[in-house]
Amino acid sequence: MNEIRREPLLGRWVAVLSESMKPEDYLSETGFPEEGHCQLCHEESGEPVEIYSVRDDSGKWLVKVVPAMVPVFSPEGDLGRKGIGIYDKMNAIGVNEMLIESPQHGVPPEDLGAEQMLRVVETFSARMLELEKDARIRHIMLHKNCGSPSGDTYGHPHSLITATPVIPKRVKEELDGAKLYYEYKERCIFCDIMREEERLKDRVVLESPHFVVFCPYAARFPFEFWILPRRHNCSFRDVTGEEMAGLAETLTVMFKKLRRLLKNPPYNYVLHTAPSRIPRRNHWHTLGEDFHWHIEVMPRIRSIGSFELGSGMYTLTTSPEDAAKYLKEVSHGD
Ligand SMILES: [Zn+2]
Ligand SMILES: [Zn+2]
Ligand SMILES: [Zn+2]
């Protein structure tokens, strides 16, 4: 079984595969498979095994969730927490699922149409509600790699669901930051940021009845933007039907803008939501008030250099104000 190890200095968890890839495994750069050879296209063949699907009246699948092809986390077994000398580790218990967003190969997610995008968003919600029932799971992340070199190896529209037995460091840092701000101001930092951005206007890209899209004041990546629901709500599990439809529409518009502006850039996005299974009485007692679910979209148009790697400090080669202006002005029409 794969394991996760805690880096003792920073407290960051990393997953280590029990079967190491060989040096030559890293050398074969294959690119995206052709349509006829794509594993995600094969419908109804029994492989890959279906976990969940949305089907049309004739029974044909429209959205399907399958186990990830190379899962890092395994749903079987116990956590097996262990200390080895000064080091901590545990079994990589968790879930890696792949959400196939369309039976059609190679269709960009923004061309799926709002109705299909809504099925994708509804499937996210359905899987999150289901996975949260597992008491070993502490956090569920919905995320996406699109285009090379984002980590995408399929060229078929899909997104990923990763459920982990620990709260990943990046999420923990956000939770801690939000909690600290709430202790001081008794307000949600995300609601405050959203209010401030709407007041200033110069980093806002899109305002809709349920969502605000803006380039964060101190983003890490050029053209990075965040999608925040207007309604304060710490967890995506409590999203409403209207919000899901609004999100599907917002994602479609924003990815069309990104495509037109940056000529089909690779990007990643993550949906950050409150962790599950946290005893609210203790350390996280204000979680419902202090955290606010959101999506961060990170175009991968510039590679990370030595300074970024060594310092964790990023250089923005396009300011968030300029990026917002470009994103706002570019049309999302076809
Ligand atoms: Zn395919
Ligand atoms: Zn809020
Ligand atoms: Zn976040």
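**Notes on the strands, helices and one buried loop residue**

1. A good place to start is the pairing of E12 with E14: these two strands run antiparallel and are joined by 3 bridges. Within that pairing, Phe225 stands opposite Val297 in E14. Please keep in mind throughout that this is a predicted model.

2. On E14 there is another antiparallel neighbour to look at, strand E13 (residues 267-272), which is joined to E14 by 6 bridges. Here Leu271 is the residue that stands opposite Ile295 in E14. Strand E14 itself spans residues 294-299, and 5 of its 6 residues are buried, so the rest of the structure largely encloses it.

3. Where does Phe221 sit? You will find Phe221 in the loop between strand E11 (211-214) and strand E12 (225-229). Although it belongs to a loop, Phe221 is buried, with 23 other C-beta atoms within 10 Å; the cut-off for that label is 20 or more. Leaving aside residues up to four places away in sequence, Phe221 touches Met298 and Pro299, and E14 covers residues 294-299. As a further reference point, Phe221 and Lys263 lie 42 residues apart in sequence, with 17 Å between their C-alpha atoms.

4. Now for the sheet that holds these strands. It is an open sheet of 10 strands in the order E3-E4-E7-E9-E8-E13-E14-E12-E11-E10, with antiparallel pairing. Strand E3 (52-55) and strand E10 (204-207) are its edge strands, and each of them pairs on one side only. From one strand to the next, the twist averages 15°.

5. Moving along this sheet, E9 deserves a look of its own. Strand E9 (residues 158-164) has 6 of its 7 residues buried, so it is largely enclosed by the rest of the structure. Strand E7 (residues 95-100) pairs with E9 in the antiparallel sense over 6 bridges, while strand E8 (residues 139-146) is joined to E9, also antiparallel, by 5 bridges. Which residue of E9 is the bridge partner of Asn96? That partner is Thr162, and Thr162 is the bridge partner of Met141 too. It is a handy residue to click on when you trace the strand order E7-E9-E8.

6. Next to this comes the pairing of strand E4 (residues 61-67) with E7, which is antiparallel and has 4 bridges. Pro67 stands opposite Glu97 in E7. Helix H1 comes into view here as well: H1 lies across E3, E4, E7, E8 and E9, and runs at about 35° to E4.

7. H1 also has a helix partner. Helix H1 (residues 114-131) packs with helix H4 (residues 241-262) at an angle of about 120°, and their axes are 8 Å apart. Are the two helices parallel or oblique to each other? With that angle between them, H1 and H4 are therefore oblique. The crossing by which H1 passes H4 is right-handed.

8. The residues that make up this helix contact are worth displaying. From H1 come Ala114, Met117, Leu118, Val121, Glu122 and Ser125, and they meet Met244, Ala245, Leu247, Ala248, Glu249, Leu251 and Thr252 in H4. Sorted by class, the contact has 9 nonpolar, 2 polar and 2 charged residues.

9. Please have a look at the other sheet as well. This open sheet has 4 strands in the order E2-E1-E6-E5, and its pairing is antiparallel. Strand E2 (13-16) and strand E5 (82-84) stand at the edges with a single partner strand each, so one side of each has no neighbour in the sheet. On average, and ignoring direction, neighbouring strands here are turned by 30° against each other.

10. Finally, the pairings within the sheet of 4 strands. Strand E1 (residues 3-6) pairs with E2 in the antiparallel sense over 4 bridges, and E1 pairs with E6, again antiparallel, over 4 bridges. Glu3 is the residue to select: Glu3 stands opposite Val16 in E2 and opposite Asn91 in E6. The hairpin of E1 and E2 has 6 residues between the strands, and there Gly11 takes a positive phi near 75°. Towards the E5 edge, 3 bridges join E5 to strand E6 (residues 87-91), the two running antiparallel, and Lys82 stands opposite Lys89 in E6.

Definitions and conventions: Residues are numbered from 1 along each chain as its sequence is written. Chains are lettered from A and ligands numbered from 1 in the order in which they are written. This is a predicted model: local features need pLDDT of at least 70, side-chain atom pairs count only at pLDDT 80 or more; totals for chains, interfaces and linings use all residues. Axes are lines fitted to C-alpha atoms, for helices over the stretch in contact, and angles run from 0 to 180 degrees between N-to-C directions. Angles under 35 degrees count as roughly parallel, over 145 as roughly antiparallel, 65 to 115 as roughly perpendicular and the rest as oblique. A crossing is left-handed if the near helix is turned anticlockwise from the far one by less than a right angle, and right-handed if clockwise. Two residues are in contact if their C-beta atoms, placed from the backbone, lie within 7 Å. Ala, Val, Leu, Ile, Met, Phe, Trp, Tyr, Cys and Pro count as nonpolar, Asp, Glu, Lys and Arg as charged, and the others, Gly among them, as polar. Two strands pair if DSSP finds at least two bridges between them. A residue is buried if 20 or more other C-beta atoms lie within 10 Å of its own, exposed if 12 or fewer, and partly exposed in between; C-beta atoms are placed from the backbone.
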